[in-house]
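Got a minute to look at some aromatic rings? Here's a quick briefing to read alongside the structure.

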Amino acid sequence: MLGRDVLVAVFGLWLVRFSAGGSARPPAPPIASYFGTKGRYEEVNPYLIDDILSVNKSWSEPPSADCRPAHLTAVVRHGTRFPTAKNIRRIGRLHDAVLRHARSAHAWLDEIRAGWDMWYTEDMDGRLVEKGRDDHRHLAARLATAFPALISRENLLGGRVAFVTSSKHRCVESVEAFQQGLHGFLGVKEISYRQTVNDKLMRFFDHCKNFIEGVEKNKTALREVELFKSSAEMRNVQKRIADRLQVPHDYITPDLAEAAFFLCSYEFSIKSLNSPWCNLVDEADAQVLEYKNDLKQYWKRAYGHDVSRKSSCPLFHDLFRRLDQVVYDIRFGVVTDAVTIKVGHAETLLPLLSLLGFFRNDKHLTAMNFREQRQRAFRTSQIAPYAANLVFVLYECDDGVRLRFLLNERPLAFPDLSDPAPLYQTVRDHYMRLLNGCDFQKECELPRGRGTTRSEL
Ligand SMILES: *[C@@H]1O[C@H](CO)[C@@H](O)[C@H](O)[C@H]1NC(C)=O
Ligand SMILES: *[C@@H]1O[C@H](CO)[C@@H](O)[C@H](O)[C@H]1NC(C)=O
């Protein structure tokens, strides 16, 4: 209990502000669950809105009474951040257009005109915000509550907890906040941050030439996204936003429509505000804009192009090498590597999840099938909000070593494996082809289109 008291003292201000009765909590915009990778973590686990440190213990129970946790690896996205410079410029253009041309008499428009300053500046470019630090401090405390035998004071002080991060500011600051959260929770004082930076692991996409040439720089790779931008659904969204503002329809481009949506998301995720800007977009519009973002992630970071998934092979192999090592260590009775926390990007998590086969749709997401894909599995609002996390836990059980996977703190069965905590060997067998292949050199460095080896999945 001590740990929690310390944490409450450290973050007391934040907690008081949000726990002084329901009325003190700002209402969420009705579109908050559609923000995709710009979504708040609390939208995925809404019970956190009442108590940001609450943990559902049934999700972290061992597979059976005879099992003991032996190792935990987490791959975590950085916390809430500022918009990138590109989106800040778009927000500025939207603001200008509204001030200059909007004529409607809505009260919310008066609020924007009289009370809203364009406070975003380009130098904020994607940096972590205070809420983003809290995201990681609180996640650290919750994971330590869920897995006390692994994320323990003893393991932390004994050097059995490792931290790895992408070199980006927002990731380094996130991993430091995570450590602050642990120190507070575990009552550890005067221990310095000890992360290592590893972009080959956490930003593998920057190192994969075939991905850069074949997807990132390839003007036709995101064709479906471009087509959807000029679809009837998107035009309708633009028209409806223009009507709400009473500006000519052609003033609201797809980019400005998206800027309105993002602005609502940023005001909410950064400042916990239900901003007057949120009135520009209703739920039906938000579903269209959510789809547009999912299309982009799908074609850029997931199943759309094989190389997007395969670019995560270094992280995949690193993960399994570590698990293999722990299994070996268990046999000899000395596990020295209790916990690894790896901090990266949505662009890190989505390819790895796709490589592992999670959230695969029967059909590709395309510009034409928005309606058909309403119930799609691939929904980044649920998968990759700020501070999204993939957790792999190894258990030592009487019948062998078992592996459990959790996404955003909830157990999730491996694709095509019904046991929620299968034997580790079963998981290894399941991914055998990847374990024996998925070669970074082959997938990322060689000229493409030679032979048929690329379709090994
Ligand atoms: C915890 O999770 C279980 C299983 O998902 C669920 O049935 C239960 O209602 C949850 N408990 C709380 C307190 O939310
Ligand atoms: C670019 O993307 C298109 C569409 O996916 C693909 O057919 C083409 O081969 C890619 N070009 C390169 C240079 O990889």
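What follows is a short tour of ring pairs, charges over rings and a surface patch.

Keep in mind that this is a predicted model. It holds 25 aromatic pairs, and two of them get a closer look below.

**Ring pairs**
- Tyr291 and Phe370 meet edge-to-face, with 5.3 Å from centre to centre and 65 degrees between the planes.
- Tyr291 belongs to helix α14 (residues 283-301), while Phe370 sits in the loop between α17 (346-355) and α18 (380-383), so this pair ties together parts that are 79 residues apart in sequence.
- Tyr291 and Phe370 are both buried.
- Phe405 and Phe414 make a tilted pair, because their planes are at 40 degrees, with the ring centres 5.8 Å apart.
- Phe405 and Phe414 are both buried, too.

**A ring cluster**
- Phe405 and Phe414 also belong to a cluster linked by ring pairs.
- The other members of that cluster are Phe316, Phe320, Phe358, Phe359, Phe392, Tyr424 and Tyr431.

**Charges over rings**
- Lys38 places its charged end over the ring of Phe262, 4.3 Å from the ring's centre.
- Over the face of Phe205 you'll find Arg301, at 5.1 Å from the ring centre.

**On the surface**
- Tyr328, Phe332 and Val334 make a nonpolar surface patch of about 350 Å².
- Val334 is found in the loop between α16 (313-331) and β4 (339-344).
- With a relative accessible area of 53%, Val334 counts as exposed, because the cut-off for that is over 50%.

Note on methods:
Residues are numbered from 1 along each chain as its sequence is written. Chains are lettered from A and ligands numbered from 1 in the order in which they are written. This is a predicted model: local features need pLDDT of at least 70, side-chain atom pairs count only at pLDDT 80 or more; totals for chains, interfaces and linings use all residues. Side-chain values use heavy atoms; hydrogens and water are left out. Rings of Phe, Tyr and Trp (its six-membered ring) pair if their centres lie within 6.5 Å; planes under 30 degrees apart count as stacked, over 60 as edge-to-face and the rest as tilted. Helices (H or I, at least four residues) and strands (E, at least two) are DSSP runs, numbered from the N terminus. Buried means under 20% relative accessible area, exposed over 50%, partly exposed in between (1.4 Å probe, protein chains only). A charge sits over a ring if NZ of Lys or CZ of Arg is within 6 Å of the ring centre and within 35 degrees of the ring normal. Patches are made of residues with over 30% relative accessible area and no salt bridge: like charges are joined within 9 Å, nonpolar side chains (Val, Leu, Ile, Met, Phe, Trp, Tyr) within 5 Å. Accessible areas come from the Shrake-Rupley method with a 1.4 Å probe; for residues, only the protein chains shown count as cover. A salt bridge is a side-chain nitrogen of Lys or Arg within 4 Å of a carboxyl oxygen of Asp or Glu.
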